[in-house]
Amino acid sequence: MRKFTLALAVAAMTAGAAMAQEYTLNPEPGVVKDLQGITVTFAENVSFVENNKMPVAVLENTTTGTSYQCVDPDRNTYATEGTEYKLTFIQEGEEEADEVIIEPGDYTLTIVGMYIGELFNAEGEAQDVEWLDPITVEYSIEYPAPYTLSPAAGVATDLQGIVLDFTSEKVGFYDNSRMANAVLENLTTGSIYNGEANLNPKAESEGSQYNLVFLGEDDEEAPETIKEPGEYVLTVRGMFVGEGEDAESLPAIIAKYTIEYPVAYALDPADGVVSNLQGIKLTFADDVVSFYDNNKMPVAVLENTTSGEVYNCYEAERNTFAEAASQYVFYFLDEEEEELIDFSNLPGNYKLTIRGMYVGEGEDAESLPVITTNYTIEYPIAYELTPAADSTVENLQGIVLSFENDVVSFYENNKMAVAVLENNNTGVVYVCNEPDRNTFAEAASAYQFKFMDEDDDVLEAINVPGSYTLTIRGMYVEEGEEKVDLPNIVVNYTIAYPVAYNLEPANGAVLSEITEVVLDFYANNNIDFIGGNRAAAVITNGALGDDEIVFTCEYPTRNTKAESDGSVWEFKFVNAADENEDVVAINEPGMYYLTINGFATVIEGEGEEAEEEIDSMLPTIAAVYYVDGEPNEGDTSKVVDLTSPEGVYNVYSINGTHVVKNGSVDALKALGKGIYVINGHKVVIK
């Protein structure tokens with residue numbers, strides 16, 4: 001193994017120069033077959049900081065984006081010289097480590113938190129130690145079947161009909177009508193194309209060659225070209241080599257492409273962190289670009305993807321004094337589209353979309369694609385949330401907000417909650433009317449938010465699985481004798497379900513009718529239905545109110561013949577108001593809520609007659625469906641063309657809230673990012 005030199009960074013209270021430390025890695029950086037259980041050996045006695053919230057080693061597949069973490073390295077106490085540690089990695093979001101990590105791609109390994117010496121003496125007092133700089137090295141796992149892509153990964157002009165050639169292997173694709181062979185995603189715009197792999201029988205390849213033909217977003221007709229500018233990720237999956245019992249599955253192929261904009265342009269401000277977004281300038285240096293006249297469709301849309309607020313610009317102001325071929329300035333209106341909005345105090349992540357442009361004149365006019373870019377406006381005062389924003393947690397009761405440098409206060413307003421926490425899956429909202437200020441905190445000001453239920457009783461815990469949005473408002477700082485308002489803080493959290501499962505139909509599906517629901521705990525067979533005093537599954541009709549029980553399933557049926565490694569349960573429903581208890585199909589159009597209860601992880605008892613014991617009860621599973629009453633197969637997602645109004649629009653949120661009633665196309669343009677049911681079709685607005 002190759003030896004590396006690692007400089008030791010001196011701790012803040014320690015004087016003197018850094019010293020050198022030798023170490024080895026096994027396997028050493030470069031091309032490897034497996035990356036689970038990497039061993040790092042030091043020539044001296046090196047320790048790791050114990051912190052179960054921070055991984056000491058991170059292994060990231062930079063090709064696929066998959067990340068693995070090692071929180072607790074295993075020390076080899078039998079090592080004869082120095083210290084040796086084994087790094088066992090767990091994939092982010094998983095609970096157990098995989099036996100091997102063989103996913104192809106380029107990997108970056110980063111090891112941190114190392115030191116020489118003792119952190120504390122016998123009396124528990126902190127000691128000065130020698131800290132080691134992080135270790136960063138590169139690995140690569142090659143694909144098991146050599147292949148080429150045409151066009152090759154990188155900059156391309158068109159991505160329709162990508163050729164995948166396995167140069168020396170006879171590779172086949174599994175037959176799976178539910179899963180596309182290839183998926184091409186434009187990360188810049190969010191457009192997704194599902195593709196089919198068509199074998200080229202006339203190819204002169206020694207292996208097998210496929211043409212990847214991508215369908216449109218409605219999965220019906222393939223576009224002639226895919227030239228939309230942006231950053232793309234291609235995923236090809238479902239492949240195997242060999243035949244019969246000797247067939248061996250191949251991992252997914254992932255490649256990244258870029259399609260550049262056909263006309264050179266510059267944005268001011270450029271994408272990234274900015275202080276203000278009013279008056280964005282778009283400059284074309286070499287081509288004269290014009291905008292189509294359309295006062296019903298905004299030429300530029302700026303969306304705060306953090307808060308969901310949307311601002312429109314209906315007319316781009318042309319700067320005739322600009323030295324460039326053409327330059328435009330975009331001024332955005334507020335949500336009522338009456339006044340110019342001041343973005344200097346509205347933190348969040350923003351997405352800018354500019355559309356309706358063309359070059360040329362008359363019959364030679366050529367439309368230009370949409371321009372999409374992203375910005376961030378940072379909060380004006382540094383703050384910290386515990387738990388951290390965008391993290392996965394077990395409980396959200398008692399969130400703490402700390403300001404390090406400025407004393408922040410809340411307005412007294414008993415009519416408006418200072419903090420609102422919404423479960424985006426169930427629609428349940430929790431409020432905190434008055435935060436508890438921690439006067440003992442070392443921060444300039446620190447507040448704890450304790451949320452209440454509908455009866456204004458403080459909850460012991462908030463641990464229902466789902467995605468959550470937290471909004472904190474009503475804050476100010478004092479500058480002299482004046483109070484300066486602070487913007488709302490809007491962040492997201494996730495409470496993960498403790499056991500992996502699949503639901504069919506999937507949450508959010510648009511259906512012609514609901515006949516059966518299948519719940520598959522695909523990774524755990526030790527799950528059973530315990531029952532109780534309430535039905536196993538309940539479906540309520542959102543149109544009649546959340547508490548109106550319409551259909552129930554008292555006991556699920558376990559499918560012992562299902563081809564799953566876990567436990568599979570089937571639910572059929574009866575009308576709660578019908579005494580004959582005949583199984584029915586739910587086909588009345590509307591929004592429906594599904595809740596499933598009564599499942600637990602169990603421990604099998606010993607002996608033939610021993611009964612299983614309950615390990616832990618599982619939380620409620622919640623989902624929402626929309627029944628449109630029209631013949632279709634599962635999800636009927638579609639694209640709504642906002643340039644061609646089709647009359648009036650009725651819009652529901654995915655949780656069943658009636659967002660727009662008999663609205664015009666302008667009402668759709670004002671919708672924030674999310675999933676909606678628009679005139680019976682599920683639509684994703686990005």
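K450 counts as partly exposed at 37% relative accessibility, where partly exposed covers the range between buried (under 20% relative accessible area) and exposed (over 50%), evaluated with a 1.4 Å probe on protein chains only. D436, at 36% relative accessibility, is likewise assigned as partly exposed, and the side chains of K450 and D436 meet in a salt bridge with an N to O distance of 3.9 Å; the criterion for a salt bridge is a side-chain nitrogen of Lys or Arg within 4 Å of a carboxyl oxygen of Asp or Glu. K450 is placed in the loop between β45 (445-449) and β46 (466-472) and D436 in strand β44 (residues 436-437), so that the pair, 14 residues apart, links distant parts of the chain. Strands here are DSSP runs of E with at least two residues, helices are runs of H or I with at least four residues, and both are numbered from the N terminus.

The model is predicted, and for this reason local features require a pLDDT of at least 70 and side-chain atom pairs count only at pLDDT 80 or more, whereas totals for chains, interfaces and linings use all residues. Residues are numbered from 1 along each chain as its sequence is written, and side-chain values use heavy atoms, with hydrogens and water left out.

The structure holds two salt bridges. Besides the pair described above, K572 forms a salt bridge with E516, the closest N and O atoms being 3.1 Å apart. K572 lies in the loop between β57 (567-571) and β58 (574-575) and E516 in the loop between β51 (510-511) and β52, so this pair ties together parts of the chain that are 56 residues apart in sequence. Both residues are partly exposed, K572 with a relative accessibility of 43% and E516 with one of 25%.

At the level of the whole chain, the secondary structure comes to one helix and 66 strands. Of the 686 residues, 41% count as buried, and the accessible surface comes to about 37800 Å², of which 44% belongs to carbon and sulfur atoms; these areas come from the Shrake-Rupley method with a 1.4 Å probe, and for residues only the protein chains shown count as cover. Among contacts (heavy atoms within 4.5 Å) with a separation of 6 or more, residues 24 or more positions apart account for 63%.

Two open sheets of four strands are described here. One has the order β50-β52-β57-β56 with antiparallel pairing, and its edge strands are β50 (502-504) and β56 (557-558), each of which pairs on one side only. Two strands are taken to pair if DSSP finds at least two bridges between them. β50 and strand β52 (residues 517-521) pair in the antiparallel sense over three bridges, with L503 standing opposite L519 in β52. The other sheet has the order β26-β28-β33-β32, again with antiparallel pairing; β26 (265-268) and β32 (317-318) stand at its edges, each with a single partner strand, so one side of each is left without a neighbour in the sheet. Two antiparallel bridges connect β32 to strand β33 (residues 326-330), in which Y328 is the bridge partner of R318. In the N-terminal numbering of strands, β4 (residues 38-42) is mostly covered, four of its five residues being buried, and five antiparallel bridges pair β4 with strand β9 (residues 83-87), where K86 stands opposite T39.

N61, located in strand β6 (residues 57-61), is buried, with a relative accessible area of 0%. Its side chain makes a polar contact of 3.2 Å with the side chain of Y107; such a contact is a pair of N or O atoms within 3.5 Å, in which, within protein, one must be able to donate a hydrogen and the other to accept it, and residues adjacent in sequence count only if both atoms are side-chain atoms. Leaving aside neighbours within four places in sequence, the contacts of N61 include T66, E103 and Y107.

Backbone geometry shows further local features. The peptide bond from S150 to P151 is cis, with omega near 5 degrees, and a cis peptide bond also joins T386 and P387, with omega about 0 degrees. P387 is in the loop between β38 (383-386) and β39 (392-393), as is D390, a residue that is not a glycine but has a positive phi of about 65 degrees and counts as exposed at 63% relative accessibility.
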